[in-house]
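Here is a quick tour, with the pocket up front and the backbone oddities at the end. Keep the 3D view open while you read.

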Amino acid sequence: MKDNIRNYVRIGTIYYRLSEYINRYGISTVRREKWDIRTIKEDFGNRGADDIEKYAGFTLVPDNRNYKKIIDDRWNLYAPFAHKSDKGDFKHTEGFLRHIFGEQYDIGIKYLQCLYLHPKQALPVLALVSKERQTGKSTFLDWITAIFGDNTVVVDAKNIKSEFNGVYAKANIIGIEETFIDKSDTIEKIKSISTQKTMTVNEKQIQHYSIPFFGKIIMNSNNEDKFIKIDDQEIRFFVRKISVPEKGNHNILNDMIEEIPSFLYYLETLPPIDFSKSRMVFTAEELRNETLANVKEESKSWLHKELKESFQDYFDNSQSNSKFLHVTPTDIKEKWFHNNSQVQKNYIKTVLKNEFGFSQIDKVERYSPFQESSKTGRPYIVPKSLFVKEIKEVKTGELPF
């Protein structure tokens with residue numbers, strides 16, 4: 001791009017120089033760099049500087065098919081979409097995506113359809129996990145970057161935690177590579193980002209400004225079960241465990257990049273997405289799989305695991321026919337943790353309510369904890385069925401297997 005005054009703009013009170021560059025996928029894109037007005041006047045004179053186009057500020061309006069650079073006198077931070085759809089074959093792409101999404105292939109395709117056709121729509125955090133190497137996790141993120149260009153950014157957890165969010169605040173897709181996140185504040189920030197509607201952009205040496213935010217997160221991790229803590233009731237995660245493909249193709253990324261126009265055409269021909277089921281498109285049932293269940297189980301506290309074993313042991317050895325145990329945090333403390341100072345009644349209550357999801361009786365009643373002396377209180381209801389599998393009655397003469 002030959003330098004002339006048309007390569008400069010003023011947005012708000014800040015001057016920028018626009019420069020063209022070719023990215024790693026051979027796609028032309030434009031960078032915006034902060035520029036000093038004195039330098040512009042030195043190069044083009046005062047009269048030349050007067051010709052610089054001026055805009056009121058920034059906005060962010062994602063659109064991959066009807067893109068506009070200027071919207072209501074504001075500079076659109078969403079980058080132009082570089083590809084045009086075209087009917088054709090995408091066999092390499094389909095094979096790769098069937099490897100990534102497995103039995104949830106249709107869900108994965110709907111996720112990608114939404115990324116392309118509805119870039120404003122909130123989506124669950126997509127997490128690709130595997131302790132093995134050469135599975136395709138990074139290739140998937142590279143392919144997404146090749147499709148969506150400068151609207152994608154790949155960062156690490158430190159960038160997410162940093163107060164300076166300019167590196168990802170303007171992105172429509174935020175990739176987080178090789179993730180293991182154990183800091184609760186970072187975890188909560190990721191969850192918050194996945195549903196955030198606006199973002200105050202904090203860049204060095206530039207005054208803060210607010211823009212609409214439509215960021216979607218894709219995480220890659222070598223830690224299959226403990227890459228992040230996910231609560232039982234959480235519906236903001238789509239987790240896929242990726243295996244090593246049976247047949248390797250070292251040119252798969254280039255093959256898929258060549259098929260981008262055909263794949264986009266395919267996405268355009270799919271039935272419209274039903275957005276009425278969930279604010280994040282997918283229901284909990286659609287996102288459920290064994291890997292997500294394992295992550296949720298590993299996210300439980302050590303006390304949850306202790307209580308689970310204690311409940312199982314109690315029901316296994318109990319002579320009672322009752323299908324429920326009525327018990328308070330005080331009862332549990334006195335029976336199983338009376339000498340453990342780490343376990344307080346409030347902690348037990350939190351685990352019973354938030355991790356097990358047990359409900360508490362609305363009013364004070366008389367009950368018998370652990371088949372012991374009766375007392376009054378508002379106990380929690382612990383169902384036996386969660387800890388002991390019911391043994392079906394066997395008729396005489398039949399074998400129980």
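Start with strand 3, which gives the largest pocket the largest share of its lining, 7 residues. Bear in mind that this is a predicted model.

**The pocket**

The largest pocket has a volume of about 990 Å³. Its lining runs to 37 residues, and the ones nearest the centre are Val30, Arg31, Arg32, Leu77 and Asp150. If you sort the lining by class, you get 20 nonpolar, 9 polar and 8 charged residues.

Which elements supply at least two residues each to that lining? They are strand 2 (14-22), strand 3 (28-35), strand 7 (74-76), helix 4 (137-148), strand 9 (152-155) and helix 6 (166-169).

**The sheet**

Strand 3 also turns up in an open sheet of 4 strands, where the order is 3-2-1-4 and the pairing is mixed. Strand 3 and strand 4 (53-55) sit at the edges with a single partner strand each, so one side of each has no neighbour in the sheet. On average, and ignoring direction, neighbouring strands here are turned by 35 degrees against each other.

Over at strand 4, the link is to strand 1 (residues 8-11): the two run parallel and are joined by 3 bridges. Looking for a specific pair? Arg10 has Lys54 in strand 4 as its bridge partner.

Helix 1 (residues 37-50) packs on this sheet and touches strand 1, strand 2, strand 3 and strand 4. The direction of helix 1 makes about 100 degrees with that of strand 3.

**Two positive phi values**

Now for the backbone. Gln134 has a phi near 60 degrees, which is positive although the residue is not glycine. Val281 is another non-glycine residue with a positive phi, this time near 75 degrees. Both values are in the table.

| Residue | Phi | Relative accessibility |
|---|---|---|
| Gln134 | near 60 degrees | 67% |
| Val281 | near 75 degrees | 1% |

Where does Gln134 lie? You'll find Gln134 in the loop between strand 8 (125-129) and helix 4. Helix 4 is also one of the elements that supply at least two residues to the pocket lining. Val281, for its part, lies in the loop between helix 9 (260-269) and helix 10 (284-287).

Is each of them buried or exposed? Gln134 counts as exposed because its relative accessibility is 67%, with the cut-off for exposed being over 50%. Val281 is buried, since its relative accessible area is 1% and buried means under 20%.

Technical notes
Residues numbered from 1 in each chain as written. Predicted model: local features only at pLDDT ≥ 70, side-chain atom pairs only at ≥ 80, totals over all residues. Heavy atoms only, no water. 1 Å grid on protein atoms, 1.4 Å probe; cavity = no way out; pocket = protein on both sides within 12 Å on 5 of 7 lines; lining within 4 Å. Points joined across faces, edges and corners; volume = space filled by probe spheres on them. Nonpolar A, V, L, I, M, F, W, Y, C, P; charged D, E, K, R; others polar. Pairing = 2+ DSSP bridges. Axes fitted to C-alpha atoms, helices over the stretch in contact; angles between N-to-C directions. Contact = heavy atoms within 4.5 Å. Buried < 20%, exposed > 50% of the residue type's maximum accessible area, 1.4 Å probe, protein only.
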